[in-house]
Amino acid sequence: MIRCLLFISLLIHSTLGQKSAGTPSQKWLTLNGKRPLVVARGGFSGLFPESSSFANQLALSSSLPDTVLFCNLQLTKDGAGICLTDIRLDNSTNIGLVWPKGKKTYDVNGNKVHGWFALDYTIDQLFSNISLTQGILSRPSLFDFQSPISAVEDVVGIKPAQFWLNVQYDSFYTQHKLSPTSYVQKAMRAMRINYLSSAEIGFLKTMKGKVTAKTKLIFQALGADEIEPTTNKKYSELLQDLTSIKAFATGILVPKEYIWPVQADQYLGAPSTLVADAHKQGLEVYASGFANDFFASYNYSYDPTSEYLQFVDNSKFSVDGVLTDFSPTASEAIACFANSKAVSKPVKGQALIISKNGASGIYPGCTDLAYRQALDDGADIIDCSVQMSKDGVAFCLDSADLMADTTAMTSFMSRSNTVPEIQAESGIFSFDLTWSEIQTLKPQMANVLPDFHRNPAYKNAGKLTSLAEFLDLAKTNAVSGVLINIQNAAYLASKKGLDIVGVVTAALTNATFDKQSTQQVLIQSDDTSVLSKFASVPTYKRVLLFEDKMGDAPEQPVQEIKKYADAVAVTRTAITEVSGSFTSRSTNIVAEFQKANVSVYVYVLRNEYITLAFDYFSDPILEIATFIGGAGVDGVVTEYPGTASKYLRSPCTNSDKPEYNILPVQPGALISIVPPEGQPPAPAPLPPLKLGDIVDPPLPPVANITADTAAAPNSPTIAEAQAPRSSALANAASVGLSLVAIMVLSLLFSMEC
């Protein structure tokens, strides 16, 4: 009973994201000029087992009100219809565990297929013994074995706005004395089928005279080289003759690659003319194959909403609908981000968008290109993590170790050494190379994981940026502010004779940032003694960086922090705890700091779905919405400023009456619907912030160290590095588009309540 109440609470929360199904006023490039449809394949199958009650309820409660539920028809031994994509039940149920000797081999359209098949079992056998499982192993398995197989009647019974029935294996079932045609005719007398599709032309021609005008017949094209059973022709060949298709269908359903091909290098090729050609014939076009947790193309920068927009919001065409495993994200893209290019400014007082090494998800971090992209994408604050060369030049790079972010290993491996004060691993450190030596290096794109590459065509693009060039860029483009991050000051002063604090202070003064208040200056460090050095400039905002996790911020440590900082930067898990790839709970960190008038910035946000808890639906915008709209942070530090800009500048965020609400995730809500025995162990509480964690020792004096080698002839001196210089970085910044995120959760089938 308690679980059922939780489901109802989650369903109510998710339904708040919906608006009435009234037709939007804007004109679309679809065949009928209306908004493209969201078609949910098996409900929300990106999270829950396909066509389970969980999946169907969540799809309806969290997506646009006119969302279509999509069912792939399979027939049982006694002619009942069930909803599952794969003809083999072992790919999406536990049937192999229940009947381990039931495996068979059938000829399916000329291919030998091994597995367990619905036609070998009655509907009662399947309902009484079989449970659904997640068919894609990278998706959560905690919802396996909780739901029975869904009959077609079960899906229609939850009353979706529209229902789509797909019949992919008509010939196979007919050969085995089961008739999909008879099943559909009987079903249409008892239920409304808005869309009836098939990959077999013979089935569609048979049904053409048997359906009413309220049911649209859709021809489903499979892979380009696959053979259509009726004509024995390749699907790619059949799509060359749209006039013939128009004779038996009102639309086509095609893999998205037919429309926007992806090249061998994983970048988009030129679009085909398929949509325009089909529209000329009066055929609707639906694109399939959308999923947030499958890599699509480097053009999308791991933002799934960008892929939807490529198909529905370009100047040439729009598909009439998208078939997706993640219907909330498709709804978000269509309702909130499409046709919203005019929305460019955030509401005053909204959270700041702070770059992390510029737009380092798009270009190598801290390069001229990364900073220009951050400006173009709408960053409010661009950042520079200051590093020092051996001859005292300050420049921007994420780490003093050059190995990760540059090509230093190819040229200076002999200079590698271990510096325990900096890191445990050996490295090639900036303070051991002169600026002229560093300038010979190429920047290098950092990847989150080896299998998640970022924009490889620009792996070594751009050039490293000195602090003076960075400040000149900020002044020239009138960005709202800059964040200067200072690390390792004590080591540099005592062991290398480098005064990083003095160099930064002089550079800001030379660029007149200390004499104005138009552009914010944020000084960030994990060292309170560094922040104290900037207390004399009241317009500077000091940010204390916390790298360790914390579960609470008691009043006494917070008050101590106020002596040194105006803001704190904390990790994502300090605000929303995560266990086993699910959010577990929210902390009170943000409220506790803000109560003391200390701003809170959260870091580091990324687009890659592998970095997101399952609660965020593999959608980075939902995470942004949770931190900004839910936790109420004052700023987000992100490697993809454009994604945060989408959310903050979206009409769904900035309008009093949005077409679609973007709801933050409720931490711990998704895992709560898993039975207690199936939940992972509860994580240990994070330790609270302690008073002893705050104050650092005073900075040591700058040592007078005689250089063992002369500076390279063309190396800038410290004074030269501090002096303002005209920068090739200067470029006008245009504020980027806006975006949204949506959040929702679901309900178990009523029989369990």
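In which strand is the place of Gln162? In this predicted model, Gln162 belongs to strand β6, which is made of residues 162-167.

**View 1. Gln162 and the residues that surround it in the fold.** Gln162 lies in strand β6, and with a relative accessible area of 17% this residue counts as buried, because the word is used for values under 20%. Leaving aside residues up to four places away in sequence, Gln162 touches Leu37, Asp66, Thr67, Val68, Leu69, Asn194 and Tyr195.

**View 2. Val419 in the loop between β17 and β18.** The loop that holds Val419 connects β17 (417-418) with β18 (426-427). Is Val419 buried or exposed? Val419 is buried, because its relative accessible area is 4% and the limit for this term is under 20%. When residues up to four places away in sequence are not counted, Val419 is in contact with Phe429, Phe431 and Tyr491. Asp401 is 18 residues apart from Val419 in sequence, and the two C-alpha atoms are 9.9 Å apart in space.

**View 3. Helix α18 and the elements packed against its buried residues.** Helix α18 covers residues 489-496, and Ala489, Tyr491, Leu492 and Ala493 are buried in it; one of these, Tyr491, is also a residue that Val419 of the previous view touches. The buried residues of α18 pack against two strands, β15 (381-388) and β20 (481-486), and against two helices, α19 (500-510) and α20 (528-532). Just after the helix comes Gly497, whose phi is positive, at about 65°.

**View 4. Strand β23 and its two faces.** Strand β23 runs through residues 567-571, and five of its five residues are buried. Which residues point one way from β23, and which the other way? Ala567, Ala569 and Thr571 point one way, whereas Val568 and Val570 point the other way, and all of them are buried. In a regular strand, side chains alternate between the two faces of the sheet.

**View 5. The strands β22 and β26 that pair with β23.** Strand β22 (residues 540-545) runs parallel to β23 and is joined to it by three bridges, with Leu544 standing opposite Val568 of β23. Together with helix α21 (residues 555-562), these two strands make a right-handed β-α-β unit. Strand β26 (residues 599-605) also pairs with β23 in the parallel sense, here over five bridges, and Tyr601 in β26 is the bridge partner of Ala569.

Note on methods. Residues numbered from 1 in each chain as written. Predicted model: local features only at pLDDT ≥ 70, side-chain atom pairs only at ≥ 80, totals over all residues. Heavy atoms only, no water. Buried < 20%, exposed > 50% of the residue type's maximum accessible area, 1.4 Å probe, protein only. Helix = DSSP H or I, 4+ residues; strand = E, 2+ residues; numbered from the N terminus. Contact = heavy atoms within 4.5 Å. Pairing = 2+ DSSP bridges. Right-handed = clockwise from strand over helix to strand, strands pointing away.
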